[in-house]
Amino acid sequence: MENFCQLIKPHEEATIQQYISKCVYFYGGSMLWIYLSAVFVITGPVTLDQPFPTNAEYPFVVYQQPLKSIIFMHQSFVCLQASAQLCINIFMALLLWTTSARFELLVKELRTVTNVHGLVQCIRQHQRLLQYAQEVIAIVRPFALTTISLSTFALIIIIGLIFITGQPISIKIQCVGLTFSGLSEVFMYTWPAEHLIHISGEIIQQAAFDMQWYKQPVTLRKYLQIIMLKAQNPIVITIPCVMPALSLNYYASLLLMLQFLSTVFSYFTTLRIIIQNGE
C-alpha cells in the first residue's frame, strides 16, 4: 500500500480522493464515538454509586489512598487502550478500501484499452491485484473474525442487560453507547467487503464487456475472456464453516437477529414484571 501511494499518478489521485471523501465521515465519526464511549465509562463514577469505572472486585481494601487513585487510573488507562485497539479495525478497513480503489483504477484503464498490448498489461495488473487482494484478506481475516465474534457476543449480553435487569438510566446510556460502538465495528468490515465483492466481480466483467469486443480482433477477444473468467470469482472475505462472507446482507441479518433478541428479552421482562406484581 505504501509503494502504491508513492507511485500514484496524478490522474489517479482524483479516484483516491473520492474514496477518502466517502469514508472519512463514517470512520472519523466511529473513532470519535469509540473514544467518547470510553470517556462515558471512565466518568461513570460521577453519576453512579461506584468508586471505579467498572464493577471489578479486588481481594483487598481499595478505598484507601493512594491505592484508590491508582486503581482508578489503571481502569481508565485500560478503557483508553481498549478504544485504541478497536481503532485498529479502521486500519484493516483502509487496506480493503485501498484494494477496491486499485481495482477501480484498473477498470478505468481497461475501458481505455484499444490494442492487444494494452490489454495484456491490464491482465498482468489484474493478476497482481488478485494476489495482493489475497494477501490483504489473509491479514484482515483474523481481525474481522475476532471483532465480529466479540461484538456480536457483547451486543447480545448488552441487550439482555438492558431488558432483563432493572438498571439505572446511566447504565443504560453506557450500554447504548457500547451497542453503537459494536455495530460500527461490524460495519467497518462489511461495507468495504461488500464494495470489494462488487468491484472485483461485476464491475470488472462489465468493463470488459463494454469494450465493444465484437469489433475487436480474435486475439483481443481471447484475452478479454481471461479477465471475465477471473472476475466470475470475486474477492470474498470469509472463513469456511466459521465466518460467513462479509457483506451488507450479513450486516442486515445481524441487525434482524438483534431485533429479534430484543423483542424476546422485552417479552421476558414484561412477564417478570407481571409475576412480581402478582406476588
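What share of the contacts in the protein chain with a separation of 6 or more comes from residues 24 or more positions apart? Point 1 has the number; the rest are my notes from going through the structure.

1. Keep in mind that this is a predicted model. On the opening question, residues 24 or more positions apart account for 78% of those contacts. The protein chain has 9 helices and 0 strands, and the pattern along the sequence reads α-α-α-α-α-α-α-α-α. Of the 279 residues in the protein chain, 41% are buried.

2. Next, the core. The largest nonpolar core counts 52 residues, and Tyr27, Phe103, Leu119, Val140, Ile237 and Leu246 have the most contacts inside it. At least two residues of this core come from each of α2 (13-42), α5 (88-111), α6 (116-164), α7 (169-209), α8 (218-231) and α9 (248-278). The top contributor is α6, which gives 13 residues. If you want a single residue to click on, try Val140: setting aside residues up to four places away in sequence, Val140 touches Met92, Leu95, Leu96, Tyr189 and Ile237.

3. Now α5. Its 24 residues should span 34 Å at 1.5 Å a residue, and the end C-alpha atoms are 36 Å apart, which agrees. As for burial, 17 of the 24 residues of α5 are buried, so this helix is largely enclosed by the rest of the structure.

4. Asn89 deserves a look while you are there. Asn89 lies in helix α5 and has a relative accessibility of 3%, so it counts as buried, the cut-off being under 20%. Leaving aside neighbours within four places in sequence, Asn89 is in contact with Phe143, Thr147, Glu185, Met188 and Tyr189. Take Glu185 from that list: Asn89 and Glu185 are 96 residues apart in sequence, yet their C-alpha atoms are 7.2 Å apart in space. Tyr189 turns up twice in these notes, as a contact of Asn89 and as one of the residues touched by Val140.

5. On to α2, which has 30 residues. From first C-alpha to last, α2 reaches 41 Å, close to the 44 Å expected at 1.5 Å a residue. There is a bend of about 40 degrees at Val24. The buried residues of α2 are Thr15, Ile16, Tyr19, Cys23, Tyr27, Ser30, Ile34, Ser37, Ala38, Val41 and Ile42.

6. Aromatics next: the structure holds 8 aromatic pairs. Phe26 and Tyr27 have ring centres 4.9 Å apart and planes at 75 degrees, so this pair is edge-to-face. Phe26 is partly exposed at 24% relative accessible area, whereas Tyr27, at 7% relative accessibility, counts as buried. Trp97 and Trp191 are also edge-to-face, because their planes sit at 80 degrees, with the ring centres 5.0 Å apart. This tryptophan pair links distant parts of the chain, with Trp97 in helix α5 and Trp191 in helix α7, 94 residues apart. Trp97 is buried at 6% relative accessibility, and Trp191 is buried too, with a relative accessible area of 19%. With the cut-off at under 20%, you may want to remember that value for Trp191.

7. One aromatic cluster takes in both of those pairs: Tyr19, Phe26, Tyr27, Trp97, Phe187, Trp191 and Tyr251. Tyr19 also has a charge over its ring, since Lys22 lies over the face of Tyr19 at 4.8 Å from the ring centre. A second case is Arg102, whose charged end sits over the ring of Tyr132, 4.6 Å from its centre.

8. Last, a residue in α4. Met73 is found in helix α4 (residues 67-86) and is exposed, with a relative accessible area of 58%. The C-alpha atoms of Met73 and Phe52 are separated by 9.1 Å, with the two residues 21 residues apart along the chain.

Key
Residues are numbered from 1 along each chain as its sequence is written. This is a predicted model: local features need pLDDT of at least 70, side-chain atom pairs count only at pLDDT 80 or more; totals for chains, interfaces and linings use all residues. Side-chain values use heavy atoms; hydrogens and water are left out. A nonpolar core is a set of buried Ala, Val, Leu, Ile, Met, Phe, Trp, Tyr and Cys residues joined through side-chain atoms within 4.5 Å. Buried means under 20% relative accessible area, exposed over 50%, partly exposed in between (1.4 Å probe, protein chains only). Helices (H or I, at least four residues) and strands (E, at least two) are DSSP runs, numbered from the N terminus. Contact means heavy atoms within 4.5 Å. Rings of Phe, Tyr and Trp (its six-membered ring) pair if their centres lie within 6.5 Å; planes under 30 degrees apart count as stacked, over 60 as edge-to-face and the rest as tilted. A charge sits over a ring if NZ of Lys or CZ of Arg is within 6 Å of the ring centre and within 35 degrees of the ring normal. The expected span of a helix is 1.5 Å times one less than its number of residues. The bend at a residue is the angle between axes fitted to the seven residues ending there and the seven starting there.
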